[in-house]
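Trainee: Got a minute to go through this one with me? I'd like to start with the overall layout and then poke at a few residues.

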Amino acid sequence: MKPASTPTQHPKLLFASGLLVLSMALPSFAPSVSNVYICKGPSSKKYHYKKDCRGLSNCSTDVYPVSLSDAKQFGRTLCGWED
């Protein structure tokens with residue numbers, strides 16, 4: 001008679017099933033925001049979730065709220081201090 005397999009005998013299967021459970025149980029880590037903040041300075045390339053983000057400290061213009069989709073349409077990417 002063949003002994004019953006244990007979870008330690010199939011670590012890849014156990015790992016894959018654990019990932020499946022986690023992916024269904026955990027909400028997405030992407031924040032659900034509709035407005036972000038941008039600087040309209042000539043060298044500005046980022047958008048920010050918070051108006052007081054460290055990345056906006058050197059902004060040479062005012063800080064403006066815009067929709068996330070507009071910020072992306074302007075070619076902005078997420079600030080490195082925010083991710």
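Trainee: So, how many helices and strands are in the protein chain?

Mentor: The chain has 2 helices and 4 strands. Keep in mind that this is a predicted model.

Trainee: And in what order do the elements run from the N terminus?

Mentor: The order is α-β-β-β-α-β.

Trainee: What share of the residues is buried?

Mentor: Of the 83 residues in the protein chain, 18% are buried. The accessible surface comes to about 6800 Å², and carbon and sulfur atoms hold 60% of it.

Trainee: What about contacts between residues at least 6 apart in sequence, how many of those join residues at least 24 apart?

Mentor: That would be 61% of them.

Trainee: OK, on to the inside. Which residues make up the largest nonpolar core?

Mentor: There are 6 of them: V36, I38, Y47, V66, L68 and A71. Both β1 (35–39) and α2 (68–73) supply at least two residues each to this core.

Trainee: Which residues does I38 touch, sequence neighbours aside?

Mentor: Leaving out anything within four places in sequence, I38 is in contact with K46, Y47, L56, D62, V63, Y64, V66, A71, F74 and R76. A second core, separate from the largest one, has 5 residues, among them C39, C53, L56 and C79.

Trainee: Let's switch to pockets. What volume does the largest pocket have?

Mentor: Its volume is about 190 Å³. The lining takes in 14 residues, and C39, S43, S44, K45 and G55 are the closest to the centre.

Trainee: How does that lining divide into nonpolar, polar and charged residues?

Mentor: You get 5 nonpolar, 7 polar and 2 charged residues in the lining of the largest pocket.

Trainee: S44 came up there. Where does S44 sit in the chain?

Mentor: S44 is in the loop between β1 and β2. Apart from neighbours within four places in sequence, S44 is in contact with C39 and R76. The C-alpha atoms of S44 and R76 are 8.2 Å apart, although 32 residues separate the two along the chain.

Trainee: Why does S44 count as partly exposed?

Mentor: Because its relative accessibility is 22%, and buried would need a value under 20%.

Trainee: Now H48. Where is H48 placed, and is H48 buried or exposed?

Mentor: H48 is in the loop between β2 (46–47) and β3 (63–67). Its relative accessibility is 4%, so H48 counts as buried.

Trainee: What does H48 touch?

Mentor: Not counting residues up to four places away in sequence, H48 touches V36, Y37, C53, G55, L56, C79 and E82. C53, L56 and C79 are also members of that second core.

Trainee: Right after H48 there's Y49. Where does Y49 lie?

Mentor: Y49 is in the loop between β2 and β3 too. Y49 has a relative accessible area of 21%, so the label is partly exposed. As for W81, the C-alpha atoms of Y49 and W81 are separated by 9.9 Å, with their positions 32 residues apart along the chain.

Trainee: Last one: which strand holds L78?

Mentor: L78 is in strand β4, residues 77–78. With 23% relative accessible area, L78 is partly exposed. L78 and V36 are 42 residues apart in sequence, and their C-alpha atoms are 9.7 Å apart in space. You've met V36 already, as a member of the largest nonpolar core.

Conventions:
Residues numbered from 1 in each chain as written. Predicted model: local features only at pLDDT ≥ 70, side-chain atom pairs only at ≥ 80, totals over all residues. Heavy atoms only, no water. Buried < 20%, exposed > 50% of the residue type's maximum accessible area, 1.4 Å probe, protein only. Contact = heavy atoms within 4.5 Å. Areas by Shrake-Rupley, 256 points an atom, 1.4 Å probe, with all protein chains shown as cover. Core = buried A, V, L, I, M, F, W, Y, C linked by side-chain atoms within 4.5 Å. 1 Å grid on protein atoms, 1.4 Å probe; cavity = no way out; pocket = protein on both sides within 12 Å on 5 of 7 lines; lining within 4 Å. Points joined across faces, edges and corners; volume = space filled by probe spheres on them. Nonpolar A, V, L, I, M, F, W, Y, C, P; charged D, E, K, R; others polar.
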